[in-house]
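User: I'd like a close look at one part of this protein, with the reasoning spelled out as you go. Here is the model.

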Amino acid sequence: MKKIKGNKFSDLQHLLSIEEIDITLIKDIFKSADKFLKNNQSIEKYKILQGKTVCNLFFENSTRTQTTFEIAAKRLSADVINLDIATSSQSKGESIIDLINNLIAMGVNIFVVRHSKPGVPERIARNIKNKAHIINAGDGNRGHPTQALLDAYTIKSYKKSFDDLKVAIVGDIEHSRVAKSEIIILNKLGVKEVRVIGPESLMPSNISELNVRAFSNMNEGLEDVDAILMLRIQKERMRKDTVPSEKEYFKTYGLNEGRLKIAKNDCIILHPGPINRGVEIETLVADGSQSVILEQVKNGIGIRMAVMEKMTSL
Ligand code: CP
């Protein structure tokens, strides 16, 4: 993060992790998102990124993040490139840094980068310095800062304040970049109790350092919580024998209507998606009245617009 003299915001040069942004900037992003999301009925276009180019570079698959970044950039009047990595010259051995430098030469101002290896967006940012902005759209199991922002924003829109909340994050904590960023943002926002629930095999080894209460028993962990964030099992990042069968997993850690009753009556259900119905969440709960899952997706557009707005001083 870089402070720019004479600018009324503490603007962002890059957004690489939730650790690096302070509470003032988080609240500032939420306020901007309010402005962008206030009108549900009609889609308003802003000239904030007119003349700028945003490039989506997704080395890992995505539906929500890539599409909402594209929509967000277009609503800010940017030109948008979705580079198809599979058909790009990466297959001929070009390095990521060379790829990025070529795209900067073409006039790209903001790169939205997703990669399976932790730290790739950070490495790119170190290399290119201030020639363009880098937004981390998920790096391996390390972090997903805009997802954490939109999840916290969604919780805020349903609850009076963070400081009396108990929030449970359930499932594959070890392999989830969402969980890692979520734990940090919820603590920064002053959430009373951040809980993590899951089997020991899916807990990070440094869990005791993360300022969370850890539970291996789902029913105990859900007691009295205000919000539940369910996670997909990240099979692509683990050995086959790390978890039991999907049926067994659902029996022990799946969120069903019965278990939901253990939480507070007005508890909300979040999930970053994609959902695996019948594995970590029952359809009745995913589509039920307490689910705010599609609200999260919609809020992702406003949050991503707000993040890119903070980068307009390039
Ligand atoms: N939440 C999220 O990152 O979803 P996608 O993988 O579809 O982008």
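Is Leu25 buried or exposed? Please start there, and then take me through the ligand site and the unusual backbone spots.

Analyst: Happy to! One thing to keep in mind is that this is a predicted model.

Leu25 is buried, because its relative accessibility is 0% and the cut-off for buried is under 20%. You will find Leu25 in helix H1, which covers residues 23-37. Leu25 also has a partner from far along the chain: Val307 is 282 residues away in sequence, yet the two C-alpha atoms are separated by 9.7 Å.

Now to the ligand. The residues around the ligand are Ser62, Thr63, Arg64, Thr65, Arg114, His144, Gln147, Pro272 and Gly273. By class, this shell holds 1 nonpolar, 6 polar and 2 charged residues. Several polar contacts can be picked out on screen. The side chain of Ser62 places an N or O atom 2.6 Å from an oxygen atom of the ligand. Thr63 takes part through its backbone, where a polar atom is 2.8 Å from a ligand oxygen. His144 uses its side chain, with a polar atom 3.0 Å from an oxygen atom of the ligand. On its own, the ligand has 260 Å² of accessible area, and the protein covers 91% of that. The space the ligand takes up is the largest pocket.

Gly273, one of the residues around the ligand, leads us to the backbone. The peptide bond between Gly273 and Pro274 is cis, with omega at about -5°. Pro274 sits in the loop that runs between strand E9 (268-270) and helix H10 (283-286). This is worth a look because most peptide bonds are trans, and most residues other than glycine have a negative phi.

That second point brings in two more residues. Lys129 is not a glycine, yet its phi is positive, near 50°. Lys129 belongs to the loop between helix H4 (120-128) and strand E4 (133-139). Lys129 counts as exposed because its relative accessibility is 57%, and the cut-off for exposed is over 50%. Asp224 also has a positive phi without being a glycine, here about 70°. Look for Asp224 in the loop between helix H7 (218-222) and strand E8 (227-230). With a relative accessible area of 34%, Asp224 is partly exposed.

Strand E4, which follows the loop of Lys129, holds Asn136. Asn136 has a relative accessibility of 1%, so it counts as buried. The Asn136 side chain has a polar contact with the backbone, reaching the nitrogen of Gly138 at 2.7 Å.

Let's finish with a helix. Helix H5 spans residues 145-158, and Ser157 is part of it. Ser157 counts as partly exposed because its relative accessibility is 47%. The Ser157 side chain reaches the backbone oxygen of Thr154 at 2.7 Å. As for position in the fold, Ser157 and Lys47 are 110 residues apart in sequence, and their C-alpha atoms are 27 Å apart in space.

Note on methods:
Residues numbered from 1 in each chain as written. Predicted model: local features only at pLDDT ≥ 70, side-chain atom pairs only at ≥ 80, totals over all residues. Heavy atoms only, no water. Near = heavy atom within 4 Å. Polar contact = N/O pair within 3.5 Å; in protein donor to acceptor, adjacent residues only side chain to side chain. Areas by Shrake-Rupley, 256 points an atom, 1.4 Å probe, with all protein chains shown as cover. 1 Å grid on protein atoms, 1.4 Å probe; cavity = no way out; pocket = protein on both sides within 12 Å on 5 of 7 lines; lining within 4 Å. Sits in = over half its atoms within 2 Å of the grid points. Nonpolar A, V, L, I, M, F, W, Y, C, P; charged D, E, K, R; others polar. Helix = DSSP H or I, 4+ residues; strand = E, 2+ residues; numbered from the N terminus. Buried < 20%, exposed > 50% of the residue type's maximum accessible area, 1.4 Å probe, protein only.
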